[in-house]
Amino acid sequence: MPIHRLNHAVLYVRDVERSMAFYRDVLGFRVIDGLAGLPGAAFLQAPGSSNDHDLGLFEIGAAAGANVAGRTSVGLYHLAWEVDTLTDLDELAARLAEAGALVGASDHSTTKSLYGKDPDGIEFEIAWLVPADAIDDQVRADRARIRPLDLGREKARYGARTVGGIGVSR
């Protein structure tokens, strides 16, 4: 049986309440009541998700060291979530910036991406995928380079409310 999608991710965090508030208030996740049953644990569901939960948070305390994956050890670089429209991406860019959590924005040709960090410095990506019928030879050729993201330009090109490719990036 082939794997066809990520169902959920689990993160170790210093303070579960602080992290839960970030994912709820900034990214719009919904806290799933009654699912945790464990002290220092929380489970959240992404907006529009049909999963039981998309994110599990487990508190390990304020003394926990920083995540050094990719700097001095192997480990997960980031998680990536998809949004439906470029308007959604633009709204999240503003929310992340307001929270001081926006650390980058890139145009990968077939994906338009924001990068953020949660209160513990765990990095994540939020992406809009170009619909398959809009991926032409120019888009394919541009995949070899990463450019700064210009959301205004991309909304003019693809439409602010055009639904993205949902898992399509070829």
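These are my notes on the aromatic pairs and the two largest pockets of this predicted model.

**Aromatic pairs.** I looked up the ring pairs and found that the count comes to 10. One of them joins phenylalanine 22 and tyrosine 23, an edge-to-face pair with 5.2 Å from centre to centre and 90° between the planes. I then checked burial: phenylalanine 22 has a relative accessible area of 9% and tyrosine 23 has 1%, so both count as buried, the limit being under 20%.

Phenylalanine 22 also pairs with phenylalanine 124, with the ring centres 6.1 Å apart and the planes at 55°, which makes this pair tilted. I noted that this contact links distant parts of the chain, since phenylalanine 22 sits in helix H1 (residues 16-25) and phenylalanine 124 in strand S8 (residues 123-129), 102 residues apart. Phenylalanine 124 is buried as well, at 1% relative accessible area. Phe22, Tyr23 and Phe124 belong to one aromatic cluster together with Phe29 and Trp81.

**Largest pocket.** I turned next to the largest pocket, which holds about 1,100 Å³ of space. Its lining has 33 residues, and Trp81 is among those nearest the centre, along with Ala46, Pro47, Glu82 and Val83. Strand S5 (79-82), helix H2 (86-98) and strand S8 each supply at least two lining residues. I sorted the lining into 15 nonpolar, 10 polar and eight charged residues.

**Second largest pocket.** For this one I noted a volume of about 340 Å³ and 18 lining residues, with Leu11, Tyr12, Val13, Asn67 and Ile122 closest to the centre. Strand S1 (residues 9-13) gives the most to this lining, five residues, and the lining divides into 12 nonpolar, three polar and three charged.

Note on methods:
Residues are numbered from 1 along each chain as its sequence is written. This is a predicted model: local features need pLDDT of at least 70, side-chain atom pairs count only at pLDDT 80 or more; totals for chains, interfaces and linings use all residues. Side-chain values use heavy atoms; hydrogens and water are left out. Rings of Phe, Tyr and Trp (its six-membered ring) pair if their centres lie within 6.5 Å; planes under 30 degrees apart count as stacked, over 60 as edge-to-face and the rest as tilted. Buried means under 20% relative accessible area, exposed over 50%, partly exposed in between (1.4 Å probe, protein chains only). Helices (H or I, at least four residues) and strands (E, at least two) are DSSP runs, numbered from the N terminus. On a 1 Å grid over the protein atoms alone, a cavity is a set of points where a 1.4 Å probe fits but cannot get out, and a pocket is an open set with protein on both sides within 12 Å along at least five of seven lines; lining residues have an atom within 4 Å of a point. Grid points are joined across faces, edges and corners, and a volume is the space filled by probe spheres set on the points. Ala, Val, Leu, Ile, Met, Phe, Trp, Tyr, Cys and Pro count as nonpolar, Asp, Glu, Lys and Arg as charged, and the others, Gly among them, as polar.
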